[in-house]
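Open the model in your viewer and keep the selection box at hand. The stops below say what to select next and what is there.

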Amino acid sequence: MLRLAEFGFDATLLAGTATAGWFVPRHACRWLVAATVSLVALVTGALLEVRLYPWTDVLVFVFALSSGGMLASLVPARPMPLGLVLATLSAIDIGLFLLPAPSAADSPAHLPTAFFYGNVVLLLPHGRRFVLGALDLLLAVALAAHAKRRALPVLAGTIPPLLGLALAFAVLTLHPTPGLPLIPFFSAGWLAVEIGYRLLAR
């Protein structure tokens with residue numbers, strides 16, 4: 001039941017973020033300023049160990065929205081460049097996943113401050129929590145904004161992260177683990193949608 005609730009939380013957050021990414025205007029310079037300011041705020045808060053939860057969730061979302069919009073503006077409006085970006089981000093996500101992470105049994109008081117500056121976190125009763133990384137949200141925005149630049153249907157930009165999330169949770173159901181890096185699954189979802197769109201276009 002908790003796993004299903006976690007899927008609902010992640011899917012809702014990804015769908016909302018991707019939809020926001022679809023409607024963001026294309027202004028690379030403005031996104032650069034917003035991304036830089038939000039990144040500085042996140043890094044400074046993490047280094048100084050300032051406890052700002054739940055406002056850290058707002059900072060993470062602003063960073064993801066601005067950085068994702070900037071990324072979509074900078075990547076050429078073609079599938080191949082975006083595919084290379086996805087491959088790079090997938091490798092980074094796998095590397096980050098291999099780093100030590102807080103245990104699911106850790107109480108909120110014992111979670112490192114930096115944890116809140118790199119993720120959107122929803123703390124639940126009895127120490128449970130739902131978590132979605134800033135990089136995952138950033139990519140959801142970028143995929144939607146990039147699809148819009150290519151004049152693709154809105155679903156072509158918003159479905160890939162949700163498809164990838166469903167695939168990741170299917171893998172977790174078959175082979176239970178504490179978690180998985182999501183961006184490789186987002187990349188698989190994007191590739192599936194890209195192939196499906198091309199087949200339908202023919």
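## Stop 1: the cavity

Select Ala-147, Leu-152, Ala-156, Trp-190 and Glu-194: of the 13 residues that line the largest cavity, these lie nearest its centre. The elements that each give two or more residues to this lining are α6, α7 and α8, the last of which covers residues 183-201. This is a predicted model, and every value in the tour is computed from it.

How much space lies in the largest cavity? The figure is about 80 Å³. The structure holds one cavity of 30 Å³ or more.

Now colour the lining by residue class. Nine of the lining residues are nonpolar, two are polar and two are charged. Helix α8 supplies the largest share of the lining, four residues.

## Stop 2: helix α8

Select 183-201, the range of α8. Put a distance label between the C-alpha atoms at the two ends: they are 26 Å apart. With 19 residues at 1.5 Å a residue, α8 should span 27 Å, so the distance in the model agrees with the expected one.

Next, show the side chains of the buried residues of α8. They are Ile-183, Phe-185, Phe-186, Ser-187, Gly-189, Trp-190, Val-193 and Glu-194. Two of these names, Trp-190 and Glu-194, were already in the selection at the cavity.

## Stop 3: the salt bridges around Glu-194

Keep Glu-194 selected and add Arg-150 and Arg-198. Side chains of opposite charge can pair when their charged atoms come close. How many salt bridges does the structure hold? There are two.

- Arg-150 and Glu-194: their side chains meet in a salt bridge, at 2.7 Å from N to O. Arg-150 is in the loop between α6 and α7 while Glu-194 is in helix α8, so the pair ties together parts that are 44 residues apart in sequence.
- Arg-198 and Glu-194: the closest N and O atoms of this salt bridge are 3.6 Å apart. Both residues belong to helix α8 and sit four residues apart, about one turn of the helix.

Because the salt bridges share partners, Arg-150, Glu-194 and Arg-198 join into one network. Are the two α8 members buried or partly exposed? Glu-194 counts as buried, at 9% relative accessibility, and Arg-198 counts as partly exposed, at 47%.

## Stop 4: the aromatic cluster

Select Tyr-53, Phe-115 and Phe-116, which ring pairs link into a cluster. A pair of aromatic rings is described by the distance of the centres and the angle of the planes. The count of aromatic pairs comes to four, and two of them can be followed here.

For Tyr-53 and Phe-116, the ring centres are 5.4 Å apart and the planes lie at 50°, so the pair is tilted. Tyr-53 is in the loop between α2 and α3, and Phe-116 is in helix α5 (residues 113-116), so this contact ties together parts that are 63 residues apart in sequence. Tyr-53 is partly exposed, at 29% relative accessibility, whereas Phe-116 is buried, with a relative accessible area of 5%.

Then look at Phe-115 beside Phe-116. Their ring centres are 5.8 Å apart with planes at 85°, so the pair is edge-to-face. Both of these residues are buried.

## Stop 5: backbone exceptions

Turn the side chains off and show the backbone. Most residues other than glycine have a negative phi, and most peptide bonds are trans. Three places depart from this pattern.

Stay at Tyr-53 and add Pro-54. What kind of peptide bond joins them? The bond is cis, with omega about 15°. Pro-54 lies in the loop between α2 (28-48) and α3 (55-74).

Move to Glu-49, which is found in the loop between α2 and α3. Glu-49 is not a glycine, yet its phi is positive, about 55°. Glu-49 is exposed, with a relative accessible area of 58%.

Finish at Ala-151, in the loop between α6 (134-149) and α7 (154-174). Phi of Ala-151 is near 60°, again a positive value in a residue other than glycine. Ala-151 is exposed, with a relative accessible area of 62%. The loop between α6 and α7 also holds Arg-150, whose side chain meets that of Glu-194 in a salt bridge.

Note on methods. Residues numbered from 1 in each chain as written. Predicted model: local features only at pLDDT ≥ 70, side-chain atom pairs only at ≥ 80, totals over all residues. Heavy atoms only, no water. Buried < 20%, exposed > 50% of the residue type's maximum accessible area, 1.4 Å probe, protein only. Phe/Tyr/Trp six-rings, centres within 6.5 Å; stacked < 30°, edge-to-face > 60°. 1 Å grid on protein atoms, 1.4 Å probe; cavity = no way out; pocket = protein on both sides within 12 Å on 5 of 7 lines; lining within 4 Å. Points joined across faces, edges and corners; volume = space filled by probe spheres on them. Nonpolar A, V, L, I, M, F, W, Y, C, P; charged D, E, K, R; others polar. Expected span 1.5 Å × (residues − 1). Salt bridge = Lys/Arg side-chain N within 4 Å of Asp/Glu carboxyl O.
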